[in-house]
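Here is a short tour of a structure, meant to be read with the model open beside you. Take a moment to look it over, and then follow along.

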Amino acid sequence: MSNNKVQIFDTTLRDGEQVPGCKLNTQQKLVIAEQLDLLGVDVIEAGFPVSSPGDFTSVSEIAKIVKNATVCGLTRAVEKDIKVAAEALSYAKRPRIHTGIGTSDSHIKYKFNSTRDKVIEKGVAAVKYAKSFVEDVEFFAEDAGRTDNEYLARVCEAMIKAGATVLNIPDTTGYCLPEEYGAKIRFLKENVKGIDNVIISCHCHNDLGLATANSMAGAINGARQIECTINGIGERAGNTALEEIVMIMKQHPYLNLNTDIDSRLLYKTSQMVSDHMGMFVQPNKAIVGANAFAHSSGIHQDGVIKNRETYEIIDPEEVGVTESAIVLTARSGRAALAYRAKKVGYELSKLQLDDVYSEFLKFADRKKEVIDEDIHQIMKNTNVAAAVA
Ligand code: KIV
Ligand code: ZN
């Protein structure tokens with residue numbers, strides 16, 4: 001594997017599915033898992049097998065059909081969880097057990113009423129036990145974002161010794177600033193013995209809207225796996241959005257970081273997840289929102305019609321969107337109206353455009369958006385006939 005490749009660990013079917021109201025049945029999970037495999041993700045976190053019989057079945061069925069990606073099951077640092085996950089993953093070509101425990105002082109004190117040393121012992125036992133079933137074991141240090149770096153380094157070193165292949169450093173509460181999270185990853189890279197033999201993973205939540213920025217800071221500082229979900233869905237304010245990470249790396253080649261994702265499938269995958277989960281994508285969502293490639297102000301429309309790159313940094317086709325949208329509103333100018341009129345069959349002279357534009361403004365002041373049907377009516381009102389093809 002190239003040292004610049006960042007593995008994409010998709011957790012739409014686990015952390016994403018924890019969103020209230022987004023529950024999927026096994027059949028829906030299978031359809032999404034197949035699409036994620038096509039998209040080119042490296043790891044599919046298929047669920048938390050011990051949590052319910054339904055989750056166990058989903059993980060097991062997904063393990064049977066996924067052709068390329070590693071299939072992963074989540075566990076607590078508890079023997080029963082690990083044993084059940086191993087069973088659910090038994091059909092996977094490339095199985096991974098993802099086990100771990102909270103490492104921040106707050107988790108150690110309030111969740112476990114334990115001590116730092118005992119938490120390390122429990123983590124080591126879990127990794128060793130998982131290792132007795134599968135070769136690929138990922139350890140998560142829950143709430144690593146608020147865990148003291150010196151202690152986190154001790155945790156990581158102990159898990160590497162126990163056999164972990166991937167170390168997940170979650171910012172579980174979405175608390176960190178990008179500089180802080182990036183420095184945390186750098187600190188581990190510089191202070192943990194054996195760190196170069198394992199992959200560091202970023203798992204960032206979006207409580208302050210920083211999940212993507214934090215994951216990128218992690219990758220820039222040496223992490224080589226990012227855990228993310230389609231459309232950024234997940235607990236509370238969500239997880240890092242897969243589509244954002246992929247396109248940031250593509251749009252900034254000088255970072256020298258890349259993924260194996262087929263970006264042309266991003267939009268379709270986003271729609272598929274949104275439809276199955278009944279979770280609509282906010283229109284202004286980066287990359288996959290309905291307005292991500294839509295232009296409505298006259299100045300922007302004029303620029304985009306002359307050359308798309310004036311106001312777009314991504315060619316929509318690169319993410320599977322057929323074309324940029326020129327939306328007609330009262331803020332639109334003549335260039336946008338002529339462009340849209342041409343699309344529905346009217347080639348306007350300069351003189352005609354003046355007449356038609358005045359009529360258009362009357363429509364636009366009454367309506368939020370002027371659609372194709374309105375354009376035909378505007379032409380009728382101003383006696384403009386469609387051009388014969
Ligand atoms: O946010 C988190 O810490 C998690 C872990 C279970 C990996 O989802
Ligand atoms: Zn999470």
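## The zinc site

In this predicted model, the zinc ion (ligand 2) has the protein donors Asp15 (OD), His203 (NE2) and His205 (NE2). These donors lie 2.0 to 2.1 Å from the zinc ion. If you trace them along the chain, the donor residues follow the spacing D-x187-H-x1-H. Both His203 and His205 are buried.

## The cysteines

How many disulfides does the model hold? The count comes to zero. A disulfide is a covalent bond between the sulfur atoms of two cysteines, and the rule used here asks for a pair of cysteine sulfur atoms within 2.5 Å.

Two residues show how the sulfurs miss that cut-off. For Cys72, the closest cysteine sulfur belongs to Cys228 and is 13 Å away, so the pair is too far apart for a bond. For Cys176, the closest cysteine sulfur is in Cys204, at 7.4 Å, which is also too far for a bond. Cys72 is buried, with a relative accessibility of 0%, and Cys176 is buried too, its relative accessible area being 0%.

## Ser358 and its surroundings

Let's move on to Ser358, which sits in helix H13, spanning residues 350-366. Is Ser358 buried or partly exposed? With 44% relative accessibility, Ser358 counts as partly exposed.

A polar atom of the Ser358 side chain lies 3.2 Å from the backbone oxygen of Asp354. Ser358 can also be placed relative to Ile378: the two are 20 residues apart in sequence, and their C-alpha atoms are 9.6 Å apart in space.

Methods:
Residues are numbered from 1 along each chain as its sequence is written. Chains are lettered from A and ligands numbered from 1 in the order in which they are written. This is a predicted model: local features need pLDDT of at least 70, side-chain atom pairs count only at pLDDT 80 or more; totals for chains, interfaces and linings use all residues. Side-chain values use heavy atoms; hydrogens and water are left out. Donors are N, O and S atoms within 2.8 Å of the metal (3.2 Å for Na, K and Ca); water is not among the atoms, so sites may look incomplete. Buried means under 20% relative accessible area, exposed over 50%, partly exposed in between (1.4 Å probe, protein chains only). Helices (H or I, at least four residues) and strands (E, at least two) are DSSP runs, numbered from the N terminus. A polar contact is a pair of N or O atoms within 3.5 Å; within protein, one must be able to donate a hydrogen and the other to accept it, and residues adjacent in sequence count only if both atoms are side-chain atoms.
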